[in-house]
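User: I've got this model open and I'd like to know what stands behind the labels people put on it. Can you take me through them?

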Amino acid sequence: MKLRTRVIVPALAAAALVTSGAPLASATPALHRTHHDSSGTVFVQNDDPNGNAILAYDRSRSGTLRPDGVYPTGGKGGVLGGSQIDHLASQGSLVRQGDHLYAVNAGSDTITNFKVVGDRLVKEQVINSGGDFPVSIAASRTAVYVLNARDGGSVQGYLNVAGHLIKVNAWNRQLGFDPAASPEFTSTPAQISFTPDRSRLVISTKGDGSSVETFGVGLLGALSSRPVVTPLDGRVPFGFDFDSRGHLITTEAGTNSIASFAVRHNGTIDLLDRALTGQQATCWVVVDNGVAYASNAGSATISSYRIAADGSLTPLATTATDPGTVDAAVSTDGRNLYVQTGAAGLVDEFAIGAHGSLTRIGSVAVPSGAGGEGIVAR
């Protein structure tokens, strides 16, 4: 086991206190489904410990959302110790690749593979995650990887054969974190994702490692035996995304900052720029059209930044949300930002204007969605 220095994150703890496989033979139909003319669909995971589900929402031409179906995953949601508004304490727990949608079932140690058919979901597989408490998924055309948060952390890989996932035992990597680190929600790893060119698999570690770790990706998706570890002592890297130039844009919950990095061929990352948000519990980030939108759970705000060609960050605005700002997604047409707010289980709706400006246009409830994370917008 690798020895790590555990980092306690006061901002995250304050936010928690202040803001309150085997293939299936047939598809499970959606419950309470309606039909509307729409310009897209938003899928939201509720992470319900009694039975995880994906909620589908019609996206109107104005960007507002209307309920359009409930799709049980066949597994259970989970709750990390110490969490209040962010039960998975992760980003990327619901991921779309082509016409497939992948969801974690943290309470069941499984992942669900859905086929996306128009605005409907067809459940195709529920597969063991190869570890304890899956929280994040990375997907490419040839491989899918899941990040397991408990028991020291692990990564499990699957071969993607025409949308069908085949677990590859040799594609399991143990991460070696302290399994007894407490509180869980600030100590366990947060996210896994491929770089845009699919040459690297990137992991953010949060407090127990306070580092970014990268595995090399080889033939069909096999990983290098060990990761390259870049320490970010005390900064607690949490959610991340990539801009169009391949820069890694990550939040740093320990210092409530956002940072940009260049990912090198050898797996190291080099700092390009860093900016303090001036907010509390800066944990999630989504990037679109050269703008980064960072979620500040403790302040109930979104901080937006323009990303220049050299990776430098220019602050644009701070926008209020409902309490418990967590995971977010931008629609594929770039017109709307949707933000999960975990205190009451809502999705806040924003129109994206010139230069990345945000205008609040409404919100919609997520049944049993308080504390839930995982959102994909089309």
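Analyst: Sure, let's begin with a pocket. By class, the second largest pocket has a lining of 4 nonpolar, 5 polar and 4 charged residues. Keep in mind that this is a predicted model.

User: What makes a residue part of the lining of that second largest pocket, and how many are there?

Analyst: A lining residue needs an atom within 4 Å of a pocket point. For the second largest pocket, 13 residues line it, and Thr 195, Asp 197, Gly 246, Val 263 and Arg 264 lie nearest its centre. The space in this pocket comes to about 220 Å³.

User: And what about the largest pocket: what is its volume, and which residues sit nearest its centre?

Analyst: Its volume is about 980 Å³. The lining has 36 residues, with Val 95, Arg 96, Ser 193, Asp 241 and Val 286 nearest the centre. Strands giving two or more residues to that lining include S5 (94-97), S13 (191-194) and S21 (282-288). Split by class, it has 19 nonpolar, 11 polar and 6 charged residues.

User: Why is strand S6 called largely enclosed?

Analyst: Buried means under 20% relative accessible area. In S6 (residues 100-105), 6 of the 6 residues are buried, so the strand is largely enclosed by the rest of the structure. Both faces are covered, too: His 100, Tyr 102 and Val 104 are buried on one side, and Leu 101, Ala 103 and Asn 105 on the other.

User: How do you know that S6 pairs with S5 and with S7, and how many bridges are there?

Analyst: The cut-off for a pair is at least two bridges. S5 and S6 have 4 bridges and run antiparallel, with Val 95 opposite Tyr 102. S6 and S7 (residues 110-117) are joined by 6 bridges, again antiparallel, and Val 104 has Ile 111 as its bridge partner in S7. Both counts therefore pass the cut-off. As for the turns, the S5-S6 hairpin has 2 residues between its strands, and Gly 98 there has a positive phi of about 60°. The S6-S7 hairpin has 4 residues between its strands, with Asp 109 at a positive phi of about 60°.

User: What makes S13 and S16 edge strands?

Analyst: Each pairs on one side only. The sheet is open, with 4 strands in the order S13-S14-S15-S16 and antiparallel pairing. On average, neighbouring strands are turned by 20° against each other, direction ignored. At the S16 end, S15 (residues 211-216) and S16 share 4 bridges, and Val 212 is partnered with Thr 230.

User: Which strands are joined by 7 bridges?

Analyst: That's S23 (residues 301-307) and S24 (residues 313-320), an antiparallel pair. Ile 302 stands opposite Thr 319. Their hairpin has 5 residues between the strands, and Gly 311 takes a positive phi near 90°.

User: Why is a set of residues called a nonpolar core, and how many are in the largest one?

Analyst: Its members must be buried, of the nonpolar kinds on the list, and joined through side-chain atoms within 4.5 Å. The largest such core has 45 residues, and those with the most contacts inside it are Ile 111, Ile 137, Tyr 145, Val 155, Ile 192 and Leu 201. Among the strands that give two or more residues are S6, S9 and S10 (143-148). S10 gives the most, with 5 residues. In soluble globular proteins, nonpolar side chains tend to be buried together.

Key:
Residues numbered from 1 in each chain as written. Predicted model: local features only at pLDDT ≥ 70, side-chain atom pairs only at ≥ 80, totals over all residues. Heavy atoms only, no water. 1 Å grid on protein atoms, 1.4 Å probe; cavity = no way out; pocket = protein on both sides within 12 Å on 5 of 7 lines; lining within 4 Å. Points joined across faces, edges and corners; volume = space filled by probe spheres on them. Nonpolar A, V, L, I, M, F, W, Y, C, P; charged D, E, K, R; others polar. Axes fitted to C-alpha atoms, helices over the stretch in contact; angles between N-to-C directions. Buried < 20%, exposed > 50% of the residue type's maximum accessible area, 1.4 Å probe, protein only.
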